[in-house]
Amino acid sequence: MKLSSGDKTLQTFIYFFLVLLGLATLYPFWNSAVISFNLGLDTAKGGITFWPRAFTLDNYKIVFQNDRIIDAFAISLLRTAAGTVISIFFTAIFAYGLSVKGVIGKKFYMIFAIITMYFSGGLIPFYLLNRELGLMDTFWVMVIPTAVSVWNMIIFRTFFMGLPDGLEESAKIDGASTFGIFFKIVFPLSGPVLATLSLFTAVYHWNDWFTATIFINDAKLYPIQTLLQQIMNSNTMSEQLSIASQGSGAATDALSRMQSVTSKSLTMATMMVATIPIVLVYPFVQRFFVKGVLIGSLKE
Amino acid sequence: MQTPVTANTAVSVPRRQKPLWRRFLAQWQVQLMIFPALIFIFIFNYIPMYGVLMAFQDYSLFKGFFGSTWAGFKHFEMFFNSPDFFRVIRNTIVISLLKLVINFPAPILLALMLNEVRNLAFKKIIQTISYLPHFLSWVIVSGFTISILSVDNGSLNISLQALGLIDKPINFLSLPEYFWGIIVTTNLWKEIGFATIVYLAAIAGVNPSLYEAASIDGASKFKQIFLITLPSITPVIIIFLILNIGSLLNAGFDDLLLLGRSAMLRDVAEVIDTYAYRIGIINNRFSYAAAVGLFKAVISVGLLTMANFLARRAGTSLW
């Protein structure tokens, strides 16, 4: 099909715009990566944008030798694994139970669950509850309170209800128990929805920084995102301090600026370390994410 | 229609059902799959709902929920009369509306553009790149923002200086006048790509013969977008718009906390949620913060119910 000149202009504009958008999306990653590979003292001189000027791996060496960062990374991995497995397990069996025909009390259970999508006690009672339960300063506070997701339950349930009835009925005739049907027949058939919801849950756990900020005081239990946030916070403060102290003596100013910029390189290296797991798995799981969004929005 | 009914009842002899508890015991396995989740939901969702009554108490950590004295509407009155009230409500609504006005239509435009791309490899690359920021934590995204906007050799200041637009670097992150713009842009950067997924799916469902007919009639691509594609996906747009309005008081949390933490920005950055967090968990004024949270929850439920009602009338609902 031949394009008219107006259509050609439109096409050109769209391609141009999309290339620009792509670059704008990638630039922050690129720039941060470049800073993380650049010598801190050299970064302080300014002008680092697209390419490292004084290439070094020192920032990463320091990051990987820092026990706090390594521990935080391990905590993040552990919590992502535990949080995902526990949440998906309890949510999936819940959803399956509610998808079985003739379950007594099903309607009540559904309403009981769905009400929580409308009403919530808010942050403060939730915070005090976890305190009362003795979950403060424990690893489990990052896993247990979010173990059941009503939203995921609805998606799981919709999927389970879409499975052909015949499968379960023939298994029942063969004498399979409800547990047996779920674990041997339904679960193996749920590959796509299972993968999708697991991935979303895992991303939530990897990225969540706030839970540990309010429930954990023991820095040893910080996941990487929380630790990173604290590092960044203290950097910003020292940077603002150095700006505020301008004129209070050139020497101290230069010193504090140098420190803040050196720590900037380290922060960037830590940020890269915290981002890499997501960036690495992302290309492989992208199609699941897309599918997940569409399953979710069908429900809407 | 009397006769068929009586005929039916005459044929099917009513079977005696076993008593409820017998049937319940017979399906103990299913019930056992449901119960753990119900207990979780009861503890972590229902108890805090009940706990919100502390908004009407002078809650003290030492006396606990049952030992604290009741205070009536004291904390609500304090909140309504406090100088923070106007500021926090204004920020919540302004930030929320800015996000709605700019960040809601943007992905629709992007989806329309992506749909016009004929080079599938290029389209795939742009989609892959633009979805990625959605999966980064707000900590990382705020780190990028801080780095790029930094007064100390941030890329934006470097570029603006190179272009001769400014003489001295601007401290974007601590000047209140830039804050709303930064929040909107950062959110746009993070979510614009991912939000196109639903619209692209809706566009994919448009009947191709409509385009064929239009191009035979000589309609330009531009016209086709506005006369075919856009009207075809309008129902989807309306649903999402309604749902967005339902969460109008959710102006954001992580982004505002991470980028607007400095006291200099409090006047423009603090919204109801971040205010409740600061007052409650950092300053330990639990009852007051719970009252602030409850105030928001009540209005939110109203908005959400209204939104769901509208969405139902528009043909679909949240559940």
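**Exercise 1. Is B:Asn153 buried, partly exposed or exposed?**

Solution. Residues are numbered from 1 along each chain as its sequence is written, and chains are lettered from A, with ligands numbered from 1, in the order in which they are written. The model is predicted: local features need pLDDT (the predictor's confidence in each residue, from 0 to 100) of at least 70, side-chain atom pairs count only at pLDDT 80 or more, and totals for chains, interfaces and linings use all residues.

Step 1. State the rule: a residue is buried if 20 or more other C-beta atoms lie within 10 Å of its own, exposed if 12 or fewer, and partly exposed in between, with C-beta atoms placed from the backbone.

Step 2. Apply the rule: B:Asn153 has 19 other C-beta atoms within 10 Å, so B:Asn153 is partly exposed.

Step 3. Locate the residue. B:Asn153 lies in the loop between helix H9 (138-149) and helix H10 (155-162) of chain B. Helices (H or I, at least four residues) and strands (E, at least two) are DSSP runs, numbered from the N terminus.

Step 4. Add the backbone angle: B:Asn153 is not a glycine, yet has a positive phi of about 65 degrees.

**Exercise 2. Classify A:Asp137 and A:Asn59 by the same rule.**

Solution. Step 1. A:Asp137 counts as partly exposed because it has 14 C-beta neighbours inside 10 Å. This residue lies in the loop between H6 and helix H7 (150-162) of chain A, and has a positive phi of about 60 degrees although it is not a glycine.

Step 2. A:Asn59 has 24 C-beta neighbours inside 10 Å and therefore counts as buried. A:Asn59 lies in helix H3 (residues 58-65) of chain A.

Step 3. Identify the partners of A:Asn59. Two residues are in contact if their C-beta atoms, placed from the backbone, lie within 7 Å. Leaving aside neighbours within four places in sequence, A:Asn59 is in contact with A:Ser36, A:Gly40, A:Ser265, A:Leu266 and A:Ala269. A:Asn59 and A:Ala269 are 210 residues apart in sequence, but their C-alpha atoms are 6.2 Å apart in space.

**Exercise 3. Describe helix H6 (residues 123-132) of chain A and its surroundings.**

Solution. Step 1. Eight of the ten residues of H6(A) are buried, and the helix is mostly covered. Among the buried residues are A:Leu123, A:Phe126 and A:Asn130.

Step 2. The buried residues of H6(A) pack against helix H11 (210-215) of chain A, and against H3, helix H17 (272-282) and helix H18 (286-313) of chain B.

Step 3. Just after H6(A), A:Gly134 takes a positive phi of about 75 degrees.

**Exercise 4. How many residues of chain B are in contact with chain A, and of what kind are they?**

Solution. Step 1. Contacts join 74 residues of chain B to 81 residues of chain A.

Step 2. Helix H3 (residues 28-51) of chain B gives the most to the side of chain B that touches chain A, with 15 residues.

Step 3. That side of chain B divides into 52 nonpolar, 17 polar and five charged residues. Here Ala, Val, Leu, Ile, Met, Phe, Trp, Tyr, Cys and Pro count as nonpolar, Asp, Glu, Lys and Arg as charged, and the others, Gly among them, as polar.

**Exercise 5. Which residues of the largest nonpolar core touch the most other members?**

Solution. Step 1. A nonpolar core is a set of buried Ala, Val, Leu, Ile, Met, Phe, Trp, Tyr and Cys residues joined through C-beta atoms within 7 Å.

Step 2. The largest such core has 115 residues, of which A:Phe94, A:Tyr96, A:Phe156, B:Ala276, B:Ala290 and B:Val292 touch the most other members. Helix H4 (residues 67-99) of chain A gives the most to this core, with ten residues.

Step 3. Apart from it lies another core, of 16 residues, including B:Ile197 and B:Tyr199.

**Exercise 6. Where is confidence lowest in chain B?**

Solution. Step 1. Chain B averages a pLDDT of 88, and 93% of the residues score at least 70.

Step 2. In chain B, confidence is lowest in helix H1 (residues 3-11), at a mean of 44, and highest in helix H11 (residues 176-191), at 96.

Step 3. Over residues 1-11 of chain B, pLDDT stays under 50, and the model has zero contacts beyond four places in sequence for them. Where pLDDT is low, the predicted coordinates should not be read in detail.
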